[in-house]
Amino acid sequence: MSNLVQLTKMDGIAVVTIDNPPVNALSAAVSAGIAAAVAQIEKDDTIKVVVFIGAGRTFIAGADIKEFGELTSGKIICRESLKPLLVRIEDLRARVVMAIHGTAFGGGLELAMAGHYRIALPSAQVGQPEVKLGIIPGAAGTQRLPRLAGVAKAVEMCAEGAPVKAEDALKAGILDRLVEGDLLAGAVAFAKEVVAKPAPKTRERSEKLGTPEENAAIFAAAHETARKKQRGLLAPLAAIDAIEAATRLSFEQGCQKEEELFTKCLFSDQSKALIHAFFGEREVAKIPDVPKETPTLGVDSVGIVGAGTMGGGIAMVFANAGIPVLLKETDQAALDRGLANIQKNYANSVKRGRFTQQFVDERLKLIRPTLEYGEFAGVSMVVEAVFESMALKKEVFNQLDRICKQGAILATNTSSLNIDEIASATSRPQSVIGTHFFSPANVMRLLEIVRGAATGKEVMATCMQLSKKLGKVGVLVGNCMGFVGNRMFGPYRREAQFLVEEGASVEAVDNALYAFGMAMGPLATGDLAGLDVGWRIRKEFRHLEKPGVRQAFIEDRLCELGRFGQKTGAGWYKYDENRKTSPDQQVAALIRQWTSEVGIPQRQISAEEIVERCIYTLVNEGARLLEEGIALRAVDIDIIYLNGYGFPAYRGGPMWYADTVGLKKVCERIREYQQRLGSWWEPAPLLQRLAEQGKTFAEFSGRQGAAA
Ligand code: 3H9
């Protein structure tokens, strides 16, 4: 037997311990180890009870996802099915007790359901999260779960993928008992109780499989939810189909149907992209010159400068993580407004059931308002979230430098300004860093962490570690205007406007990108963020525009008319008092008038051209950032776009998407646009090189410059 799985025997009780750190993934080797243990148990009549348990911090967090990648890329050619092994476990003469702590996810829960009984610590969680990887349970999960938990619960778990707490799993019938204290001792005690009881086989149960009428309603509602909440994703629909098979067919036939659907999903581009995103989220935490061992600074209190939309949202993020916050404004009225907004946001969260009132009360107690910088003397970190003005930011940092204790992290939430210039207002640039939260800060998962030329490694390591504590995905980037996310977003939105100038309607542009999978079209996004923000920045930087290079002009004209987007009730679209959007014929007429005045010929533009031009512009700028070393790796750009800009996860991010299209093709199309439209379409040198070499962005190891 491998050392990944150990079998010990004592007094008629066999204990099978799975020991494959860090999460006991059910790899081929672990499955082989379990099979060897089962073979020994099958031969040993003295064994009356078998306990399966995980060593370390968890039961089994699922199949080994790395092996899926090896399978689909052809590195391994076949995967032995787990299903027959699970049937052998279920058919053991001895009573089989699954003892769960940490997480029993995916293949882990599938193994657990093949046991006769399941007990768990109250802190444990179970789930079928496969759908988040673009697949469905592949080891009879879609067949055993409805038999244990009922059709509705199984559909919810397999189609949505959310974890279920032990207490809820007990209520649903997935678990038989919760035990406190030592899990193995609890399992052995439980085993002694059930040794004389029947050995219920999940696959033979049918009492929870429902009637065709009941099930039809469940499946119809689930399809509707999946279409709305998981737009464009194939796996949730496949998961529902597999469970539907469980209600109609025998267990064996249902398993065959599951296998077909599982294989189809596994080999889909969606699954490859989602698996890329899963590992990508973990890879971005690995920074070559800031290794895991880098010492970190404790962050046990934070000061926030500015109680506006961003400052208030950031205060909630820290409070939610249990970190006390001092929230500073310049006058009492602004402070009161900021606090009222925070209270309103929390009240909405209680209304929507996201937080309990007690949780919110505790969080609010952690946020202390102040008008004085002096109170910042004791905090271990400050996040500045004032208006985007270099002069103002420098003034704030100068004050912070005088007041904050040595070693305190001085972070700015700027979305585009130069971190080094901000740091120059202090005597300690090593303590200065960018922490770019995305709006709404308490909702969006992305945290772009910007390193300045002098930022200390322990400061970067602390912010990366902190991002996890705050429930964010931290991505370290280099310092340039707009950093990674916004520097790419500028040309993307500009291209959307060019398309409108050339004849596409506002709705056609947004609809095409929405259909591609973006959470929102680029023009509607502008309305949401406020068109005046970009307008002000453009006015400030107009002197840097290269003469003769085409500039988008419609948004400036809309702003001149006071159409700033949702907040003024009109922008690219019009909005009613509830911010409900509708197309605006007046804007359409103005656009035609303005484009005819400047002499832009109008034509029909296909949805394909709209998507290609917007997405390839994004990719081209991404390639530049990669070569400059502002982004460490292509995957860092992907994770930024998936978590901060509503890029569809099932396309893996802009760079992954370009790799799947093929860089040769992307580069050729960009060259065609360059000839047809103008110099701003010049392909990035890195893109040209990789295309010529037949390589992908994922293969480019990076210059590792500014961000490394
Ligand atoms: C499945 O089960 C299909 C079945 O139906 C069977 C079909 C036949 N495989 O997230 P962390 C790595 S599909 C391989 O930082 P945490 C992870 O990459 C699977 N590796 O820890 C990281 O590596 P590194 C269904 C895995 O404490 C390290 O472990 N299951 C796997 O924040 C630590 O991970 C899932 O989808 C895996 N399954 O969170 C669960 N899981 O240190 C996926 C983790 O080199 N996993 N790693 O970067 C999770 O959700 C979280 O990892 C978990 C722990 C909540 C378990």
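Guide: A polar contact is a pair of N or O atoms within 3.5 Å; within protein, one must be able to donate a hydrogen and the other to accept it, and residues adjacent in sequence count only if both atoms are side-chain atoms. This is a predicted model: local features need pLDDT of at least 70, side-chain atom pairs count only at pLDDT 80 or more, and totals for chains, interfaces and linings use all residues. Residues are numbered from 1 along each chain as its sequence is written, and side-chain values use heavy atoms, without hydrogens and water.

Visitor: What makes the pair between Arg282 and the ligand a polar contact?

Guide: A polar side-chain atom of Arg282 lies 2.8 Å from a ligand oxygen. The limit is 3.5 Å, so the pair qualifies.

Visitor: Which atoms of Lys286 and Ile65 pair with the ligand?

Guide: For Lys286, a side-chain N or O atom is 2.7 Å from a ligand oxygen. For Ile65, a backbone N or O atom lies 2.9 Å from a ligand nitrogen. The protein covers 78% of the 1,000 Å² of accessible area (Shrake-Rupley method, 1.4 Å probe) that the ligand has on its own.

Visitor: Which of the residues around the ligand come nearest?

Guide: Of 27 residues around the ligand (a heavy atom within 4 Å), Arg57, Ala63, Glu110, Arg282 and Lys286 come nearest. By class, 14 are nonpolar, five polar and eight charged.

Visitor: What does Leu400 touch?

Guide: Leu400 touches Val305, Tyr373, Phe376, Val382, Leu410 and Arg428 (heavy atoms within 4.5 Å), leaving aside residues up to four places away in sequence.

Key: Ala, Val, Leu, Ile, Met, Phe, Trp, Tyr, Cys and Pro count as nonpolar, Asp, Glu, Lys and Arg as charged, and the others, Gly among them, as polar.
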